[in-house]
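Hello,

I'm handing over the structure we talked about, and my notes follow just below it. Please have a look at it first, then read on.

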Amino acid sequence: MKHKVMSVAKYVAAAAVALSVLAPMGWLFLMSVSATSDLTRVPLEWIPRQWDFSRYNRLLSLAPGEPGTLFLHALGNSLLVATGGTLVCLLLAIPAAFSFSRYPGRDGWLFAALAIYMVPPVAFVLPLYFLLQQLDLLNTRPGLMIVYCSLILPFLTWMLKNQFDTLPRDIEQAARLDGLRVWQVLLRITLPLAKPVLGAAALFGWLLAWDEFFYALLFTSNITAQTLPVTIAGFTAGRATDDGLIAAVGILASVPPLLIAVWLQKTLVSGLASGGSKG
């Protein structure tokens with residue numbers, strides 16, 4: 001009896017969590033396909049009288065004067081900056097995390113990086129701005145990647161370091177006795193064992209860059225490098241705001257993270273599970 005109650009409680013809790021996540025997305029979708037008159041009607045009608053998908057057509061169109069010219073360009077910028085920044089950070093975080101895990105006495109540097117990570121972003125605005133200005137990288141996608149690395153790199157290093165700590169070292173020591181160098185041990189032994197958490201770390205790092213708004217707003221001035229969060233905010237700047245259009249933008253902006261999460265589903269679950277248990 002107790003087992004059945006616990007099983008039912010788990011399903012109820014899972015359903016509650018799913019509802020809390022899916023309900024806002026469902027309402028956002030209904031807004032995106034509702035006419036403006038339905039959105040402003042009192043009392044509010046939850047189901048639109050007439051389904052209107054024209055906003056999605058406008059957002060996916062490159063015709064002059066359509067919002068798609070801004071949306072699609074910003075979408076490409078976000079994909080490029082988030083993916084590029086995450087890949088660069090992974091290439092740097094993997095050897096850094098391995099070094100912190102396998103060579104004691106260096107934790108001070110890691111805690112210093114995390115302490116800097118905890119500082120409010122506004123404190124770094126002027127140094128980053130002058131750095132990008134000197135490198136002629138203001139309002140460029142490479143400049144934004146560099147800025148995002150300062151956000152993602154400490155997080156990925158800490159996450160991977162904790163995972164490397166849980167891996168058995170006997171296999172690595174045996175490989176060293178067989179003549180493998182340190183970098184060969186990392187590539188051939190450690191990384192395959194840590195593969196589950198690599199996907200989880202990459203996803204979380206990518207989401208940090210995908211959702212970032214503050215730096216993208218300050219260090220970009222036009223569509224050349226503006227990312228999706230800044231462009232979405234621009235859609236709300238006019239006096240006559242099309243709430244349905246903004247809702248459609250939100251739905252389309254959630255598609256890339258959803259596809260990546262589905263693609264990395266097994267790796268993500270394994271990484272979270274292995275990261276939650278140590279020893």
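A quick term before the notes: a residue is called buried when its relative accessible area is under 20%, exposed when it is over 50%, and partly exposed in between. Please also keep in mind that this is a predicted model.

Let me begin with the charged pairs. Side chains of opposite charge can pair when their charged atoms come close. The count here comes to 3 salt bridges.

One of them joins arginine 58 to glutamate 66, with the closest N and O atoms 3.2 Å apart. Glutamate 66 has a relative accessible area of 25%, so this residue falls in the partly exposed class. Its partner, arginine 58, also counts as partly exposed, at 32% relative accessibility.

Another salt bridge links glutamate 172 with arginine 102, and here the closest N and O atoms are 2.8 Å apart. Glutamate 172 belongs to helix H8 (residues 170-177) and arginine 102 to helix H4, so the pair ties together parts that are 70 residues apart in sequence. Are these two residues buried or exposed? Both glutamate 172 and arginine 102 are buried; for glutamate 172 the relative accessibility is 7%. Not counting residues up to four places away in sequence, glutamate 172 touches Phe98, Arg102, Val185, Ile189 and Thr190.

There is also a salt bridge between the side chains of aspartate 165 and lysine 161, at 3.0 Å from N to O. These two sit 4 residues apart in helix H7 (residues 141-166), so about one helical turn separates them. Lysine 161 counts as buried, at 11% relative accessibility.

Now to the nonpolar side of things. The largest nonpolar core has 52 residues, and Tyr148, Leu160 and Phe164 touch the most other members. Helix H4 gives the most to this core, with 11 residues. If you centre your view on phenylalanine 164 and leave aside its neighbours within four places in sequence, you will find it in contact with Ile94, Ala97, Phe98, Ser101, Arg102, Thr190, Leu191 and Ala194. Two of those names may look familiar: Phe98 and Arg102 are also among the residues that glutamate 172 touches.

Next, the cysteines. How many disulfides does a search of the whole structure find? The search finds 0. Cysteine 89 is in no disulfide, and the nearest cysteine sulfur, that of cysteine 149, is 3.5 Å away. Cysteine 149 is likewise in no disulfide, with the sulfur of cysteine 89 as its nearest. The pair is not counted because a disulfide needs the two sulfur atoms within 2.5 Å. Cysteine 89 is buried, with a relative accessible area of 0%, and cysteine 149 is buried too, at 15%.

Last, a stop at threonine 83, which lies in helix H4 (residues 68-102). At 35% relative accessibility, threonine 83 counts as partly exposed. Leaving aside neighbours within four places in sequence, threonine 83 is in contact with Ser78 and Trp206. With tryptophan 206 there is a polar contact between the side chains, at 3.2 Å. As for valine 42, that residue is 41 residues from threonine 83 in sequence and 44 Å from it in space, C-alpha to C-alpha.

Happy browsing, and best wishes

Notes. Residues are numbered from 1 along each chain as its sequence is written. This is a predicted model: local features need pLDDT of at least 70, side-chain atom pairs count only at pLDDT 80 or more; totals for chains, interfaces and linings use all residues. Side-chain values use heavy atoms; hydrogens and water are left out. Buried means under 20% relative accessible area, exposed over 50%, partly exposed in between (1.4 Å probe, protein chains only). Contact means heavy atoms within 4.5 Å. A polar contact is a pair of N or O atoms within 3.5 Å; within protein, one must be able to donate a hydrogen and the other to accept it, and residues adjacent in sequence count only if both atoms are side-chain atoms. A nonpolar core is a set of buried Ala, Val, Leu, Ile, Met, Phe, Trp, Tyr and Cys residues joined through side-chain atoms within 4.5 Å. A salt bridge is a side-chain nitrogen of Lys or Arg within 4 Å of a carboxyl oxygen of Asp or Glu.
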